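Subject: Structure handover

Hello,

Here is the structure you asked about. Please open it alongside this note and follow the residue numbers as you read.

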Amino acid sequence: PSATLREDYSPPDWLVPEIALDFSLDPARTLVRARMTVVRHEAHDEPLRLDGEGLKLLEVRRNGEKLDDGDWMLDDERLTIPLTGSEATVETLVEILPEKNSQLMGLYASGGILCTQCEAEGFRRITFFPDRPDVLTRYSVRMEADRKRFPVLLSNGDCVESGDGENGAHWARWEDPWPKPCYLFALVAGDLSANRDTFVTRSGKEVALAIWVREADLPKTSHAMQALKDSMAWDEHVYGREYDLSQFNIVAVSDFNFGAMENKSLNIFNSRYILADAETATDADFEAIAGVVAHEYFHNWSGNRVTCRDWFQLSLKEGFTVFRDQQFSADQGSAAVARIGDVRMLRAAQFPEDAGPLAHPVRPESYIEISNFYTATVYNKGAELIRMMHAMLGPHDFRKGADLYFERHDGTAATCEDFVTAMEDASGTDLGQFRLWYSQSGTPKVTAKLDYEAEDASAVLTLSQTVPATPGQPEKKPMAIPLKTALLGERSGRPIVAEHLVMLTDNEQEIVFEGLREPPVLSINRDFTAPVAMDSEKDPATLAFLSAHDDDPFARYEAMQQLMVETIIDAVSGRPVDHDPVIEAVRQTLTDPDLDKAFIAEAVLLPSESFVGDQMLIVEPEAIHRAREALRDDLGETLAEDWRAAYAASSGNAYTYNPAATGLRRLRAVALGYVAASGLDEAPQLATDQFESADNMTDRQAALAVLANSEWPERTGALEQFYDRYRNDALVLDKWFMAQALSTREDTLASVEALSRHPDFSIDNPNRLRSLVGAFGSNQRAFHAASGHGYRFLADFILKADAINPQTAARLLPPLGKWRRFDEERGAMMRAELERILAGPNLSKDVFEQASKSLG
Ligand code: HT7
Ligand code: ZN
């Protein structure tokens, strides 16, 4: 398969200002008639080339006249029609088979519902069309289907007409007044019920809101509806952006390749990001639902009103929209805890990507399959780039920049460069060097060293940066790195140099601080202003000091994490180990009455095994597991009383969902984990009691996770009970599979293999596949079992899944790409599996690209 290059971009030869689509819907065989007006774009002699994939072409017309076969050319990828003149109407009739569509791209069936997924290149699986985001078109859509099976017919915009057809059919016509790229087209037909509400915009327009689900799921839609209304109000308040149609529909489906899709006025969601009630969803689920609902809604401006010129600009809409949903989530509860969550996510998914064979810039230079570029780099690192501009410009000028960007580019397909230029023009800030963040991949490494001269009460901060070599980029230029910095007094524990933004722009830089009457302690990259790996050469005592005194909550959390990581790595490396500084720091945080409970829970949690592995040159999965368990057990035992007290203090409240209550439940879960590690006799009973008597899924799942990791006899009964109780609820059953796939027990690989033969396991459903096989790939100890059977298991599944759903299969592959980071035996076995995948029959572009680059 060949690569598409960013530098090869050229504007479309033909524009399509209007299209009328007519669907005769049937899961077994759907007919799609498309009539479009095409207009020559600038002077050229090129024919009209329409993308199409897996379509059975039945008819072609040009200016109303039916064409013979010889009048057009068709291959696997496109239909070519010669045209003269500056404008024409072109009509095609195709047949598609939604029921057979296991890739879940284009028009497909999910649980009896017909729905579409067109981003990035799915529209070409529905009809012949120039499937690229810079062709903006007005859509008129007529659809007809059996009324009984498909009583609800939805598309973008407004329903302008509907009526009865023949033989029990009915039809509807929808019109969307806003020109849009075809990736935002959507259609849904099904037996759905709506949770309806309204929102009045700040200029007084009423918007009809509806969340469409199966009737039985209606009671689980109120949280998503509230999140939608909150998002609409927030975007008006914070960005001055109002909704622009009279309807906003959301549909939830159970088979979906991603989280959700922002189709104009008809968002389609993976049901896991809509459905929630206390019995079946955790607090984390509730938060994720609000975040994803907000994200998709915010796309109406950052993505739909201003879209991307080409797919290399994907971060233009995704990075900005992730930043916006992060801001929204921070405003709903504790901003510090939200930021810790953002950074945890970045470090778990993006840093490893940036350090591995699949590293790519936020604005990639080439791709074989664009679906492989919906990555943590484009999304989460992309959001960090926007956040850095926010930090450099300040909120006021950033807002001016966003306003200018929307004003300049509304109704067009824009580039990342357009966004940066708007920020620059609105603020007068030179972002020349900053642009490197879009083109250079790899996580910059920053070292910071503070030398204090007591005699002249001054200190010198020496900063240096290196950007590691990444695939295709052996040499790097220094980046512009904004670092919020403060100095704390070593005696007073208070800021002696107030927080300010330091810009690191050279390879090495010195900053002098004067008038320091007490020895200073450096607090740097506060609030994680820059997505860098920071090494500030701090000893355990200094880290312990910062974890108790830093006035920036993120920096405080960070100091604690660093102390924990270093302690675990000391043990893995065979250096003398002292758990006491960690234990003391945890004790202080845990017993600090002034701290927010949710913050305490995050701060005292040990870093994951894979995060520790990511800090090492060669990962030693078993040694990391043992060292982390030893520290956990020691923390559990030494602070047993404190964990019991924290557990008791956060228990006994009836379920409510609000930031204080979720903070208490989070601390309760973490405390239960440590009580389990303490070896206290009562631990199994405590976990079992919580599991059985919980009045909500957060507490029940937390107890199940502790039990699933344990060697206690109560484990089996709990897993059985959970299964029996929730076997008919697919989203909860996913949790059951995942709890076992994430277990750190020795027998996890065997149990995952057995679960893959469980009658409720299905490779066809992406959520189920991810909850077992995807989760297993992220379980460092189990996946990297010395036998290599974990690698074989994953590779088998990638090959099997590839024949069904290439996108989902390709997303399972990254754990195998880490082979350079493991010992020789493991590395060789991982490579052998990648080679076996590459030799697979009829490999998709998706998996080919990921496997070949991973070996590279
Ligand atoms: N913009 C949406 C991306 C998306 C997607 C991409 C590839 C394959 C399937 C997909 N479904 C949705 C989601 C978002 O970022 O909002
Ligand atoms: Zn998005």
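Start with strand 18 (residues 206-213) and strand 19 (residues 247-253), which pair in the parallel sense over five bridges. To find the register, look at Trp-212: its bridge partner in strand 19 is Val-251. Bear in mind throughout that this is a predicted model.

These two strands belong to an open sheet of five strands, ordered 17-18-19-21-20, with mixed pairing. Its edges are strand 17 (193-200) and strand 20, each pairing on one side only. In general, strands of a sheet pair through backbone hydrogen bonds, either parallel or antiparallel.

**Domains**

The protein divides into six parts:

- domain 1 covers 1-103 + 114-190
- domain 2 covers 192-300
- domain 3 covers 320-325 + 337-439
- domain 4 covers 450-537
- domain 5 covers 543-638
- domain 6 covers 743-856

The centres of domain 1 and domain 5, taken over C-alpha atoms, are 55 Å apart.

**What the UniProt record says**

Two annotations apply here, both from an unreviewed entry. UniProt gives "domain: Peptidase M1 membrane alanine aminopeptidase" for residues 224-434. That stretch of chain is 55% helix and 10% strand. The C-alpha atoms at its ends lie 37 Å apart.

UniProt also places "domain: Peptidase M1 alanyl aminopeptidase Ig-like fold" at residues 442-536. Here the chain is 0% helix and 54% strand. The end C-alpha atoms of residues 442-536 are 19 Å apart.

**Strands within 442-536**

Look at strand 25 (residues 445-453). It pairs with strand 26 (residues 458-466) in the antiparallel sense, over nine bridges. Glu-453 stands opposite Ser-458 in strand 26. The two strands form a hairpin, with four residues between them. In that turn, Ala-457 has a positive phi of about 50 degrees.

Strand 25 has another partner, strand 31 (residues 533-535). Strand 25 and strand 31 run parallel and are joined by three bridges. Lys-445 stands opposite Ala-533 in strand 31.

**Around ligand 1**

Which residues come nearest to ligand 1? They are Glu-119, Asn-257, Phe-258, Met-261 and Tyr-374, out of 15 residues around the ligand. The shell is made up of five nonpolar, six polar and four charged residues.

Domain 1 and domain 2 each give at least three residues to this shell. Strand 20 (260-261) and helix 2 (283-298) each supply at least two. Strand 20 is also an edge strand of the five-stranded sheet described above.

Check the backbone at Glu-119 too. The peptide bond from Glu-119 to Ala-120 is cis, with omega near 0 degrees. Ala-120 sits in the loop between strand 11 (113-117) and strand 12 (137-146).

**A four-stranded sheet**

Strand 11 takes part in an open sheet of four strands, in the order 10-11-16-13, with antiparallel pairing. The edge strands are strand 10 (106-110) and strand 13 (152-155), and each pairs on one side only. From one strand to the next, the twist averages 20 degrees.

Strand 13 meets strand 16 (residues 187-190) in the antiparallel sense, over four bridges. Ser-155 has Leu-187 as its bridge partner in strand 16.

**Two asparagines to look at**

Most residues other than glycine have a negative phi, and most peptide bonds are trans. Two asparagines have a positive phi instead.

Asn-63 has a positive phi of about 45 degrees. Its place is the loop between strand 5 (56-62) and strand 6 (65-66). Is Asn-63 buried or exposed? Asn-63 counts as exposed because 11 other C-beta atoms lie within 10 Å, and the cut-off for exposed is 12 or fewer.

Asn-842 has a positive phi of about 50 degrees. This residue is in the loop between helix 25 (824-838) and helix 26 (845-855). Asn-842 is exposed as well, with 6 other C-beta atoms within 10 Å.

Best wishes

Terms used:
Residues numbered from 1 in each chain as written. Chains lettered and ligands numbered in written order. Predicted model: local features only at pLDDT ≥ 70, side-chain atom pairs only at ≥ 80, totals over all residues. Domains from an automatic or database assignment. UniProt positions renumbered as here; feature names shortened; annotations may be inferred. Pairing = 2+ DSSP bridges. Near = placed C-beta within 6 Å. Nonpolar A, V, L, I, M, F, W, Y, C, P; charged D, E, K, R; others polar. Axes fitted to C-alpha atoms, helices over the stretch in contact; angles between N-to-C directions. Buried ≥ 20, exposed ≤ 12 C-beta atoms within 10 Å, placed from the backbone.
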